[in-house]
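The following exercises are intended to be worked with the sequence and the coordinates at hand. Please attempt each task before reading its solution.

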Amino acid sequence: IAASLSEPRHLGRAIMLVDTLRVPGIRVGLTGHILTVLGHFVAFTYIRLAIDRVPGLDSVGVAALLVAFGIGGVVGNFLVGLLVDRHLAVLRFAVPLLIGVSIGIVALAPGQLWLVAVAVTTWGIGFGGWLTTLGTWMGRLVPDRMESGGGLSVAGFQLAITLGAGVGGLLIDLIGVTPALVVASASAIVGGLVFGTARFPGRS
């Protein structure tokens with residue numbers, strides 16, 4: 001009996017997911033979300049290889065940069081949480097672009113320790129604020145379908161993690177660390193532009 005009762009629930013959830021995907025703007029926003037997270041994980045999965053290129057950086061310095069990324073994530077989550085309700089229209093462009101530009105700096109300026117340190121920190125700030133930005137956008141677009149919207153966001157995130165790690169490793173093997181980071185940067189930047197153009201209603 002329990003199994004027979006659960007089947008309509010699962011079917012209803014599947015129908016709700018499909019219906020949510022039909023909401024104008026959802027597919028564009030999720031595409032931008034996947035591209036942004038994909039770019040992040042193409043680079044972040046192999047961040048040690050990226051920052052190992054900085055001249056004179058020892059294991060303590062590497063650890064310090066990773067701590068800076070983590071602190072940046074906390075700061076980004078806090079700041080975006082304060083600002084996103086009033087400034088979503090700007091942040092939905094700015095946050096993923098911050099991720100992409102920061103990765104690009106890490107890729108193209110490995111000889112400048114201070115610049116890499118700043119970029120790793122701002123990268124953390126951007127990624128720390130990303131899910132808050134995404135969740136706020138989703139909440140405004142489909143306020144009556146938050147369970148389905150959240151499920152689609154998580155599915156996109158998991159897909160991007162899997163693809164990012166695999167694609168990143170393949171790119172590093174084929175073309176090297178720097179070109180792989182450039183591709184990651186481009187993916188996040190394009191993701192930000194796509195996400196920023198997705199439809200959303202104004203502040204309620």
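The exercises below concern a predicted model, and each is followed by a worked solution.

**Exercise 1. Salt bridges**

Determine how many salt bridges the structure holds, and identify the partners and the N to O distance of each.

*Solution.*
Step 1. The structure holds 3 salt bridges.
Step 2. Aspartate 19 pairs with arginine 22, and the closest N and O atoms are 3.4 Å apart.
Step 3. Arginine 48 and aspartate 52 meet through their side chains, with an N to O distance of 2.9 Å.
Step 4. Aspartate 85 pairs with arginine 140, the closest N and O atoms being 3.4 Å apart. This pair links distant parts of the chain: aspartate 85 lies in helix H4 (residues 59–108), arginine 140 lies in helix H5 (residues 113–141), and the two are 55 residues apart.

**Exercise 2. Exposure of the paired residues**

Classify each salt-bridge partner as buried, partly exposed or exposed.

*Solution.*
Step 1. The cut-offs needed are under 20% relative accessible area for buried and over 50% for exposed, with partly exposed in between.
Step 2. Aspartate 19 has a relative accessible area of 28% and is therefore partly exposed. Its partner, arginine 22, reaches 58% and so counts as exposed.
Step 3. Arginine 48, at 45%, is partly exposed, and aspartate 52, at 39%, is likewise partly exposed.
Step 4. Aspartate 85 is partly exposed at 37%, whereas arginine 140 is buried because its relative accessibility is 14%.

**Exercise 3. A nonpolar surface patch**

Which residues form a nonpolar patch on the surface, and what accessible area do they have together?

*Solution.*
Step 1. The members are Val67, Ile71, Val75, Phe78, Leu79, Leu82 and Leu83.
Step 2. Together they have about 630 Å² of accessible area.
Step 3. To place one member, isoleucine 71 is found in helix H4.

**Exercise 4. The surroundings of serine 185**

Locate serine 185 in the secondary structure, decide whether serine 185 is buried or exposed, and list its contacts beyond its neighbours within four places in sequence.

*Solution.*
Step 1. Serine 185 belongs to helix H7, which spans residues 177–197.
Step 2. The relative accessible area of serine 185 is 8%; since buried means under 20%, serine 185 is buried.
Step 3. With neighbours within four places in sequence set aside, serine 185 is in contact with Gly100, Val101, Ile103 and Gly104.

Methods
Residues are numbered from 1 along each chain as its sequence is written. This is a predicted model: local features need pLDDT of at least 70, side-chain atom pairs count only at pLDDT 80 or more; totals for chains, interfaces and linings use all residues. Side-chain values use heavy atoms; hydrogens and water are left out. A salt bridge is a side-chain nitrogen of Lys or Arg within 4 Å of a carboxyl oxygen of Asp or Glu. Buried means under 20% relative accessible area, exposed over 50%, partly exposed in between (1.4 Å probe, protein chains only). Helices (H or I, at least four residues) and strands (E, at least two) are DSSP runs, numbered from the N terminus. Patches are made of residues with over 30% relative accessible area and no salt bridge: like charges are joined within 9 Å, nonpolar side chains (Val, Leu, Ile, Met, Phe, Trp, Tyr) within 5 Å. Accessible areas come from the Shrake-Rupley method with a 1.4 Å probe; for residues, only the protein chains shown count as cover. Contact means heavy atoms within 4.5 Å.
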